[in-house]
Amino acid sequence: MQVSNGDDRLGQFIDGKAVAGEGSAIPVTNPATQEVLCQVPFATPAEIDQAVQGAVRAYESWRDVPTPERARLMLKYQEILKARQEDIARVLSRETGKTHEDAMGEVWRGIEVVEHACNIPNLVMGELVENVARRIDTYSIVQPLGVCAGITPFNFPAMIPLWMFPIAVACGNAFVLKPSEQDPMTPMFLMELLAEAGAPEGIVQVVHGGREQVDGLLAHPDIRAVSFVGSVPVAKHVYRTGTNALKRVQALAGAKNHLVVMPDANREQAISSLVGAACGAAGQRCMAISAAVLVGDAKEWEGDLAAAMAAVRPGVSDDPAAGYGPQISVAARERILGYIAAGKAEGARCVLDGSECQVDGYPDGNWVGPTLFADVTPEMSIYRDEIFGPVLVALAADTLDDAIDLINASPFGNGVSLFTSSGASARKFQHEIGVGQVGINVPIPVPLPFFSFTGWKDSFFGDLHAYGKQAVRFYTETKTVTARWFDEPSTPSPNMTIGLR
Ligand code: NAD
């Protein structure tokens, strides 16, 4: 990594090099200590244009690189990422506070997308129908779009950029990434490793910043498609602005994910899954479980749930006993504490309160302890809003139908889970639930990269989802060719009116 102390500027990554950056900078901090790790300069309009123009130039030759050669770049990249997984995880832990195990897991989930991109020759295969008319064939070919952009959130600074640029680049595009300004060191490290794998200069550029820089990319005429991941309000803004500018946009957004516990579920498994899915990564996952729906007699399991949550404690990344790390920022912690206070004021029963949490030796960390609310009703803000912290709200339902109705009334549709031992309940649930990613006795059903990440409702704006086959369609155009070849000059012309003969 190019930065070694808090005064160092990270730089934009343009045409294969870190460019110091003219814009004003903000500090990147370690959320467990508030140590300043580096300065991240926000890209100026001129730097954004420089990055996009460099990507346009890189695209002109990259689009003609044979598909197996593009696959070979990804093969090399996944090999390097695997060899450097520990190093990436350490950088990631410093700027996000994630435990080492969690950081290693995140990097691995990103590597799996690069593995998927190695399969690009199969993924961009077209179709052919022979003899659509006499001696005429029609076939489709899949071609890259041009320059695509990605805007990513703070909570997965390795995995989510890796959801995007490996597939876009393997398809033959160039890519401009605007990572979260809160943890930009990890994506910059990924770029260094991409260059080491032999990627041509300019094929992936990085510009830093916030709203202004995002709007600069959305307005840039040379960007054809934008992938966004972040909160609902920003996703709506990006989707509207991008589609108004006639770009292709996929915008993955926030969530409130439920886990339904049926009384016939395996009690131990259901409780430990709930705790891990609510507290893991400090609750800062778009697929975290933040609402437990206890059906029928499963309401009696609240005490076990509270005890299991109380046994989890946050800590620093190299503490093997830590269940999770700090919240990303002082502001994020304050927002979560505000919700805990609101829950109490709204009349929910706070069974476990993490608002006073401290970690020995780290008095300045953004700590929030596991928090459990019971007697929660759908009108309460702690149920309605995405809190994005280790706060679980428990609601009661009399029947599975009531649980399904409750969840289907939520505006979010990212993930949901059912714990049961009944195949009939599971079948009914998966069929009737209005959520895009369903787990049956699986708490966080994030699909592997040969499927797509398929959030619904306010958790996704667009048509084609992230990674998997849908991402290949998102980053490409389909061209159909109808062709006729004459074997002798005198061959009579066939009737071209296909279908009317
Ligand atoms: P965020 O929306 O604040 O930021 C996301 C990106 O948008 C960042 O790069 C940021 O710089 C930029 N941005 C921020 N404000 C902007 C504005 N007003 N205009 C334009 N761009 C802006 O999100 P976050 O706090 O970084 O990440 C957490 C959110 O992301 C949560 O809501 C979480 O659920 C969501 N998320 C969703 C998924 C998913 O797959 N659906 C995955 C991860 C995170």
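## The second largest cavity

Let's start inside the protein: Thr96, Gly97, Lys98, Phe154, Asn155, Ala281, Ala282, Gln284, Gly325 and Pro326 form the lining of the second largest cavity. Bear in mind as you explore that this is a predicted model. The volume enclosed here is about 60 Å³.

Sorted by class, this lining has five polar residues, four nonpolar ones and one that is charged.

## The largest cavity and its neighbours in the count

How many cavities of 30 Å³ or more does the structure hold? There are six of them. The largest cavity comes to about 110 Å³, and 15 residues line it. Closest to its centre are Gly283, Ala288, Ser290, Glu386 and Phe388.

The class make-up of this lining is eight nonpolar residues, four polar and three charged. For the general idea behind such a search, rolling a probe the size of a water molecule over the atoms reveals where empty space remains.

## Two residues with positive phi

Phe388, one of the residues closest to the centre of the largest cavity, also has a backbone feature to look at. Its phi is positive, at about 60 degrees, although Phe388 is not a glycine. You will find Phe388 in the loop that runs between helix 13 (381-384) and strand 16 (391-397). Is Phe388 buried or exposed? With a relative accessible area of 16%, Phe388 counts as buried, because the cut-off for that class is under 20%.

Asn441 is another non-glycine residue with a positive phi, in this case about 55 degrees. Asn441 sits in the loop between strand 19 (437-440) and strand 20 (456-457). Its relative accessible area is 38%, so Asn441 is partly exposed.

## A three-stranded open sheet

Now for a sheet. Strands in the order 5-6-22 make up an open sheet of three, with antiparallel pairing. Strand 5 (128-133) and strand 22 (476-484) are the edge strands, each pairing on one side only. On average, and with direction ignored, neighbouring strands of this sheet are turned by 30 degrees against each other.

How many bridges link strand 6 and strand 22? Strand 6, which covers residues 136-144, pairs with strand 22 over nine bridges in the antiparallel sense. To locate this pairing in your viewer, take Tyr139, whose bridge partner in strand 22 is Val481. As a general reminder, the strands of a sheet pair through backbone hydrogen bonds, in either a parallel or an antiparallel way.

Definitions and conventions: Residues numbered from 1 in each chain as written. Predicted model: local features only at pLDDT ≥ 70, side-chain atom pairs only at ≥ 80, totals over all residues. Heavy atoms only, no water. 1 Å grid on protein atoms, 1.4 Å probe; cavity = no way out; pocket = protein on both sides within 12 Å on 5 of 7 lines; lining within 4 Å. Points joined across faces, edges and corners; volume = space filled by probe spheres on them. Nonpolar A, V, L, I, M, F, W, Y, C, P; charged D, E, K, R; others polar. Helix = DSSP H or I, 4+ residues; strand = E, 2+ residues; numbered from the N terminus. Buried < 20%, exposed > 50% of the residue type's maximum accessible area, 1.4 Å probe, protein only. Pairing = 2+ DSSP bridges. Axes fitted to C-alpha atoms, helices over the stretch in contact; angles between N-to-C directions.
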